[in-house]
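This briefing walks through side-chain contacts, taking charged pairs and aromatic rings in turn. Please keep the sequence and the structure at hand while reading.

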Amino acid sequence: MTEPLLSTRPVAGTDIAVSPVGFGTVKLGRDQQVKYPQGFKIPDDQAASDLLALARSLGINLLDTAPAYGTSEERLGKLLKGQRQDWVICSKVGEEFVEGESRFDFSPEHIRFSIERSLKRLKTDYIDMVLVHSSGDDVNIIQQYGCLEVLADLKKEGLIRATGMSTKTIDGGILALEQSDMAMVTYNLNEQAEKPVLDYAAKHDKGILIKKALASGHACLEGEDPVEKSMELVFGHPAVASAIIGTINPKHLRENVETCARVLRNRV
């Protein structure tokens, strides 16, 4: 058996260790209203199972899902039967995707309902990380609804191991880190406005996951490998635990992991 390309690394301030590349599963459950340059076909169970097996063999242990990702949670619940101990699962609360449209509900009642539903869908007793799925109005969501306090209560009950928010603003990201364990932020070659959130996390021992690490629009990088440059940027910041990448192409998944492993090796 060959050695996995990736080793796990700690999520600051928690007892959770994750692979530097996380497997985003939106494409396992939703193909409507998604912001990808090209259309795609949702993989069938065999193809999805093969993708998960490949991810695990490469050293990936982090799966990113959400109620807003269509049938993603339910499919993972079936596909991960007997494998729960091998994976760190990150899910979310607040956004729903119903009849082709997103809607948001950050009320305490809905958050508790959402967690209980996710536990059933994922066929698990606990979720490793749960993030509030922001609509963009981060600060107001946190202050008006007290959603991070609700997640903290669920953590005390043992249903969640770490809490946080997938944010879209600097103020929201920092406020989320003040009130929880971690934040998921956009940080890539095209968008680095949220870097102050990463800086705050590094100073205060908080966890950071990166979304949209491989943003489209890399044409400006003529003659350079855009994936390698993206990984160098992302993992050049000490706060980053993992970057979530959502490809369902086995070749791309392997190449992304190989590039990440090379970049991290070169940083040692």
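Arg-161 is partly exposed, with 31% relative accessible area, and it forms a salt bridge with Asp-128 in which the closest N and O atoms are 2.7 Å apart. The model is a predicted one, and a search of the whole structure finds 13 salt bridges as well as two aromatic pairs.

**Salt bridges**

- Asp-128, in contrast to its partner, is buried at 1% relative accessibility, below the 20% under which a residue counts as buried.
- Because Asp-128 belongs to strand β8 (residues 127–133) and Arg-161 to strand β9 (residues 160–166), their salt bridge ties together parts that are 33 residues apart in sequence.
- These two residues also belong to a network of salt bridges that links Asp-15, Arg-84, Asp-128 and Arg-161.
- A salt bridge also joins Arg-75 and Asp-45, whose closest N and O atoms are 2.7 Å apart, and this pair links distant parts of the chain, with Arg-75 in helix α2 (residues 72–79) and Asp-45 in helix α1 (residues 45–58), 30 residues apart.
- Within that pair, Arg-75 is buried with a relative accessible area of 9%, whereas Asp-45 is partly exposed at 38%.
- Glu-228 and Arg-262 form a salt bridge with their closest N and O atoms 3.2 Å apart; since Glu-228 lies in helix α8 (residues 226–235) and Arg-262 in helix α9 (residues 250–267), the pair ties together parts that are 34 residues apart in sequence.
- Arg-262 is partly exposed, at a relative accessible area of 29%.

**Aromatic pairs**

- Of the two aromatic pairs found in the whole structure, the one formed by Phe-104 and Phe-106 is stacked, with 5.8 Å from centre to centre and 20° between the planes.
- Phe-104 counts as partly exposed at 36% relative accessibility, while Phe-106 is buried with a relative accessible area of 5%.
- Phe-106 also pairs with Tyr-145, and this pair is tilted because the planes stand at 50°, with the ring centres 5.8 Å apart.
- This tilted pair links distant parts of the chain, as Phe-106 is in the loop between β7 (101–104) and α3 (108–122) and Tyr-145 is in helix α4 (residues 138–145), 39 residues apart.
- Tyr-145 counts as partly exposed at 31% relative accessibility, and ring pairs link Phe-104, Phe-106 and Tyr-145 into a cluster.

**Charges over rings**

- Arg-84, which takes part in the salt-bridge network, has its charged end over the ring of Tyr-126, 4.2 Å from the ring centre.
- Arg-56 lies over the face of Trp-87, at 5.7 Å from the ring centre.

Terms used. Residues numbered from 1 in each chain as written. Predicted model: local features only at pLDDT ≥ 70, side-chain atom pairs only at ≥ 80, totals over all residues. Heavy atoms only, no water. Phe/Tyr/Trp six-rings, centres within 6.5 Å; stacked < 30°, edge-to-face > 60°. Buried < 20%, exposed > 50% of the residue type's maximum accessible area, 1.4 Å probe, protein only. Helix = DSSP H or I, 4+ residues; strand = E, 2+ residues; numbered from the N terminus. Lys NZ or Arg CZ within 6 Å of the ring centre and 35° of its normal. Salt bridge = Lys/Arg side-chain N within 4 Å of Asp/Glu carboxyl O.
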